[in-house]
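Here are a few exercises on reading a protein model. Try each task yourself before you look at the solution.

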Amino acid sequence: MRELFLRCRKCGSEYPMQNIYLCNACQGILEVQYNYSAVTQDSIMHHSHVRGIWRFHSFLPVLHDNNKVSLGEGDTPLIIADNLAPLNSCCSIFLKLESLNPSGSFKDRPVAVGVSKAKEFGAKGVLIASSGNASASAAAYAARVGMRCVVCIPQSTDIGKVSQAVSHGAEVVYVEGTFSNSFEIAKTASQYCGWPNVSTTFINPYTVEGDKTLAYEIYLQLNCVVPDIVIVPVGAGPLLVGMAKGFAELKYLNLTKKIPRMVGVQSTQCAPIAEAYDQHIEQVQPWLKPIKTVATGIADPLVGYEDDGSLTLKTIIETGGIAIALSEEEILAANRKLHVQVGVYAEPTAAVAIGALERLAEVNLIGESETVVCIITGHGLKYNSNIAYRPPVVSGFDEFVKMIKFDS
Ligand SMILES: *Cc1c(COP(=O)(O)O)cnc(C)c1O
Ligand SMILES: [Zn+2]
């Protein structure tokens with residue numbers, strides 16, 4: 001039986017599962033390979049008492065049970081929200097509430113795997129560059145195992161996310177410039193000190209594996225059917241690519257015949273992948289224009305690691321999906337819709353999945369009676385910049401009842 005190993009997505013070079021990042025031969029992105037012939041449908045369908053992502057351990061790269069770090073991530077609700085269906089469409093809309101993970105975003109899935117792997121490598125600490133959520137997550141999981149956690153983030157990061165990281169005892173440093181500058185420092189620092197880099201781009205080959213568990217969960221929650229379309233907010237895109245890999249594994253196991261069309265959504269303020277899609281070019285270009293967006297979680301200009309974007313674009317196209325970008329107005333309107341018409345509190349980044357629905361209907365990408373899953377990637381409690389409204393003040397009941405007008 002062949003054990004797990006790493007393979008370069010570009011040149012095919014193979015490596016044992018070590019604390020390594022890009023391919024030594026060609027700098028390509030590394031991917032974990034499994035001994036698929038040894039895994040059966042049971043690894044998805046049958047679970048003992050284990051809950052959350054670790055019940056899918058046959059498809060995760062952590063070898064020893066006592067290295068699996070958990071805060072109860074995964075097993076998030078899949079709720080129906082058909083009132084979000086675009087006009088004149090009778091598709092079913094489901095929301096996967098990744099905002100309800102332990103640290104409030106889906107990043108707990110990749111980071112749980114990344115920190116577990118760091119433990120397996122005997123690391124004293126982890127490094128991470130993040131647009132906010134991944135650092136909150138890394139700080140929490142590092143605290144869980146008693147490791148140091150050093151965080152590089154842009155100064156524009158939502159303060160709610162920064163306070164999470166600081167509260168968990170992470171050593172947080174603001175790096176001037178965009179996310180790409182933070183990324184560069186974390187990468188260089190990891191080479192310097194040898195600590196694993198758990199940044200959730202494609203640089204760490206293990207973290208993306210955690211994202212696959214979303215695909216397995218959705219399949220099980222839809223009573224063993226894969227959806228027709230999955231809509232994903234996309235930065236570099238490991239979430240989208242990881243989910244597509246998860247669905248492909250379900251297909252390999254004969255649990256499904258089809259793979260959903262994966263839709264990647266960006267902000268027009270930072271849309272390297274959507275732009276390449278529009279221009280029909282395979283190679284994604286770094287985003288060099290200034291960025292000002294409420295969707296900070298997906299504001300990744302990919303400077304220095306454009307190949308990450310190309311991999312995501314390739315995956316989108318292979319599944320028959322599309323990449324789109326939404327304006328700030330569209331993102332905020334989608335966020336309000338989610339808050340007011342569904343009752344789900346999410347950060348604007350997560351709401352782009354909702355904003356995409358209308359656009360998909362316009363381009364006829366949603367067929368009659370298809371099933372659509374929107375990934376609600378992060379919680380609204382982390383995003384504190386939208387509280388402009390000041391509630392009115394009353395001194396007693398008379399004033400109160402006049403104001404509320406119960407009989408209207
Ligand atoms: C990180 C993040 C994303 C983007 O995920 P990638 O895997 O980096 O593409 C989307 N939404 C939120 C809330 C995030 O924090
Ligand atoms: Zn290579």
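**Exercise 1.** Work out how helices α2 and α3 are placed relative to each other.

*Solution.* Keep in mind that this is a predicted model.
Step 1: find the two helices, α2 at residues 108-120 and α3 at residues 133-145.
Step 2: look at their axes, which come within 9 Å and cross at roughly 40 degrees.
Step 3: name the arrangement. Angles under 35 degrees would count as roughly parallel, and 65 to 115 as roughly perpendicular. The crossing fits neither range, so α2 and α3 are oblique to each other.
Step 4: add the handedness, which is right-handed as α2 passes α3.

**Exercise 2.** List the residues through which α2 and α3 meet, then sort them by class.

*Solution.* Step 1: on the α2 side, pick out Asp-108, Val-111, Ala-112, Val-115 and Lys-119.
Step 2: on the α3 side, you should have Ala-134, Ser-137, Ala-138, Tyr-141, Ala-142 and Val-145.
Step 3: sort them, and you get eight nonpolar, one polar and two charged residues.

**Exercise 3.** Now try the pair α10 and α11: what is the angle between them, and what do we call it?

*Solution.* Step 1: locate α10 at residues 328-342 and α11 at residues 348-362.
Step 2: read off the geometry, an angle of about 100 degrees with the axes 7 Å apart.
Step 3: the range for roughly perpendicular runs from 65 to 115 degrees, so α10 is roughly perpendicular to α11.
Step 4: check who touches whom. Among the α10 residues in this contact are Ile-331, Ala-334 and Leu-338, and the α11 partners include Ala-351, Val-352 and Ile-354. The whole contact divides into seven nonpolar, two polar and four charged residues.

**Exercise 4.** Which residues of α4 are buried, and what covers them?

*Solution.* Step 1: go to α4, residues 159-167, and mark Gly-160, Lys-161, Val-162 and Ala-165 as buried.
Step 2: look for the cover, which includes α3, β7 (148-154) and β8 (171-175).
Step 3: follow the chain just past α4, where Gly-169 takes a positive phi of about 90 degrees.

**Exercise 5.** Where is Asn-384, and which residues does it contact beyond its neighbours within four places in sequence?

*Solution.* Step 1: find Asn-384 in the loop between β12 (371-376) and α12 (397-404).
Step 2: its relative accessible area is 38%, so Asn-384 is partly exposed.
Step 3: set aside the sequence neighbours, and Asn-384 is in contact with Ile-159 and Gly-160.
Step 4: compare with Pro-301, 83 residues away along the chain, where the C-alpha atoms are separated by 23 Å.

Terms used: Residues are numbered from 1 along each chain as its sequence is written. Chains are lettered from A and ligands numbered from 1 in the order in which they are written. This is a predicted model: local features need pLDDT of at least 70, side-chain atom pairs count only at pLDDT 80 or more; totals for chains, interfaces and linings use all residues. Side-chain values use heavy atoms; hydrogens and water are left out. Axes are lines fitted to C-alpha atoms, for helices over the stretch in contact, and angles run from 0 to 180 degrees between N-to-C directions. Angles under 35 degrees count as roughly parallel, over 145 as roughly antiparallel, 65 to 115 as roughly perpendicular and the rest as oblique. A crossing is left-handed if the near helix is turned anticlockwise from the far one by less than a right angle, and right-handed if clockwise. Contact means heavy atoms within 4.5 Å. Ala, Val, Leu, Ile, Met, Phe, Trp, Tyr, Cys and Pro count as nonpolar, Asp, Glu, Lys and Arg as charged, and the others, Gly among them, as polar. Buried means under 20% relative accessible area, exposed over 50%, partly exposed in between (1.4 Å probe, protein chains only).
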